Amino acid sequence: MSTAWFNRALLPWYREHKRALPWRETRDPYRIWLSEVILQQTRVDQGLAYWLRFVERYPTVAHLAKAPEDAVLKLWQGLGYYSRARNLRTAAQQVVNDHGGVFPADYARLKGLKGVGEYTAAAIGSIAFGLVEPVVDGNVYRVLARVFGIATPIDSTEGRKEFRALAATLIDHQHPGDHNQAVMELGATVCTPRNPRCGDCPFAPRCIARGTGRIAELPVKAGKATVRVRHFNYLHIRTAKGTYLQKRTGKDIWQGLYELPLIETERAASKVLLSRSLDKLAPGGWIIEKRSGTVVHLLSHQRIETIFWEVVPPKRWKVPKEWLAVTSNMLNAFAVPRLIERYLNGAVTG
DNA sequence: AAGCCGTGGCG
DNA sequence: TCGCCAAGGCT
């Protein structure tokens, strides 16, 4: 896949829109490293004052290496993730003791510093030393997922691999540092998680997510699956032969379990709406005797809002062939979801 | 690999 | 209001 258009659009946009930030005015790896650690999981607005204070108090990595841990933590106070501050001091000592006081200029040795992971090593390497190392942070995931329409979960091993590979094909070999910062800047200021400003985006004409109306769905995170709300209406039908059950089939929850006959609706069903659905099952003559309150059943990824309806079918009608009449003493022989079990127990006793 | 680590801003 | 999210890394 040719991706030259990506950099043709990206770098001009960046030169026009990049924010003036003090760590962008230097190629001192110490100051760049400081900014990268401070900005881990932290917004520029929050981290800027801390960076200024650190640079003033500890102008070089040697100064930081000599500082007491308590002093570093005090300067870090309020910024959160305090292991970053402890690791910061440790890494400064590593630079002094293991690298002669000079920041290492290769990816592997950068990553060997305490608190410097894949992202930070690539950021320092590309920005301070011009190494062709793609960064993949939260901004990059979001921008690439949307522009290229990638739905692979970003918090999966497969997803991390896929996005890293794509970022590697995209990175500008002449300006790796600017390229990396440009993608992040775009993600931070234009391609934001909510309400992205697509009107200001250089990729808008080519953005897959925008073209297919999936901006809000990308990037995908597997960890916290979005909870889908569904509306179930269960029919409690008592006849001389017993209560009707049916078996759940198909690619859905509770596969293979039994339940009361189900009518799923788009929204919470009213009596009128349910009547219409019942008429489709068999025309005319249904009597709705009782409507339960809404029972909410929570699954990891679904919220099932349930209404149990006691109904009486028409005098003469064709019972769906997948329904089976079960006598009350046989009901507990069938595997049913907890939702159904609780209802049936309540319906019998109360 | 999945859980933990903090705080502030946002809709 | 409250859950999500933010220039991640460590264990």
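Analyst: A polar contact here is a pair of N or O atoms within 3.5 Å. The model is predicted, and the distances below are computed from it. By that cut-off, Tyr119 qualifies: one of its polar backbone atoms is 3.2 Å from a phosphate oxygen of DNA strand C.

User: Which atom of Thr120 comes 2.6 Å from a phosphate oxygen of DNA strand C, one in the backbone or one in the side chain?

Analyst: With such a contact, read both ends, the protein atom and the DNA atom. For Thr120, an N or O atom in the side chain is 2.6 Å from a phosphate oxygen of DNA strand C. Asn139 also has a polar side-chain atom 2.6 Å from a phosphate oxygen of this strand.

User: Is Thr120 buried or exposed?

Analyst: Burial is read from relative accessible area, and buried means under 20%. Thr120 has 3%, so this residue is buried. The area is computed on protein chains only, so the DNA does not contribute to that value. Thr120 sits in helix α8 and, apart from residues up to four places away in sequence, touches Glu36 and Gln40.

User: How many residues surround DNA strand C, and which are the closest?

Analyst: A surrounding set is read first as a list, then by class and by secondary structure. There are 27 residues around DNA strand C, the closest being Leu39, Thr120, Asp137, Asn139 and Arg142. By class, this surface has nine nonpolar, seven polar and 11 charged residues. Helices α8 (118–129), α9 (138–147) and α11 (176–189) each supply at least two of its residues.

User: What share of the atoms of each DNA strand within 4 Å of the protein belongs to sugar or phosphate?

Analyst: The share tells which part of a strand the protein approaches. For DNA strand C, 63% of these atoms belong to sugar or phosphate and the rest to bases. For DNA strand B, the sugar or phosphate part is 38%, with the rest in bases.

User: Which atoms of Gln41 and Tyr81 come close to the bases of DNA strand B?

Analyst: Again, take both ends of each pair. A backbone N or O atom of Gln41 lies 3.4 Å from a base nitrogen, and a polar side-chain atom of Tyr81 lies 2.5 Å from a base oxygen. Thr157 meets the phosphate instead, with a polar side-chain atom 2.9 Å from a phosphate oxygen of DNA strand B. The surface near this strand divides into three nonpolar, seven polar and two charged residues; among them are Arg43, Gly80 and Asn195.

User: Into which domains is chain A divided, and how far apart are their centres?

Analyst: Domain bounds are read as residue ranges. Domain 1 covers 4–217 and domain 2 covers 228–349. Their C-alpha centres lie 53 Å apart.

User: How is Thr306 placed, and what does Thr306 contact?

Analyst: For a single residue, combine its element, its burial and its contacts. Thr306 is found in strand β8 (residues 302–312) and is buried, with a relative accessible area of 0%. Neighbours within four places in sequence aside, Thr306 is in contact with Phe232, Tyr234, Gly293, Thr294, Val295 and Leu339.

User: Which residues of helix α13 are buried, and which exposed residues are on the face turned away from them?

Analyst: For a helix, look down its axis. In α13 (residues 271–281), Leu274, Ser277 and Leu278 are buried. They fall within an arc of 100 degrees, so they line one face of the helix. The face turned away from that side carries the exposed residues Val272, Arg276 and Lys280.

Definitions and conventions: Residues numbered from 1 in each chain as written. Chains lettered and ligands numbered in written order. Predicted model: local features only at pLDDT ≥ 70, side-chain atom pairs only at ≥ 80, totals over all residues. Heavy atoms only, no water. Buried < 20%, exposed > 50% of the residue type's maximum accessible area, 1.4 Å probe, protein only. Helix = DSSP H or I, 4+ residues; strand = E, 2+ residues; numbered from the N terminus. Arc of directions from axis to C-beta. Near = heavy atom within 4 Å. Polar contact = N/O pair within 3.5 Å; in protein donor to acceptor, adjacent residues only side chain to side chain. Nonpolar A, V, L, I, M, F, W, Y, C, P; charged D, E, K, R; others polar. Domains from an automatic or database assignment. Contact = heavy atoms within 4.5 Å.
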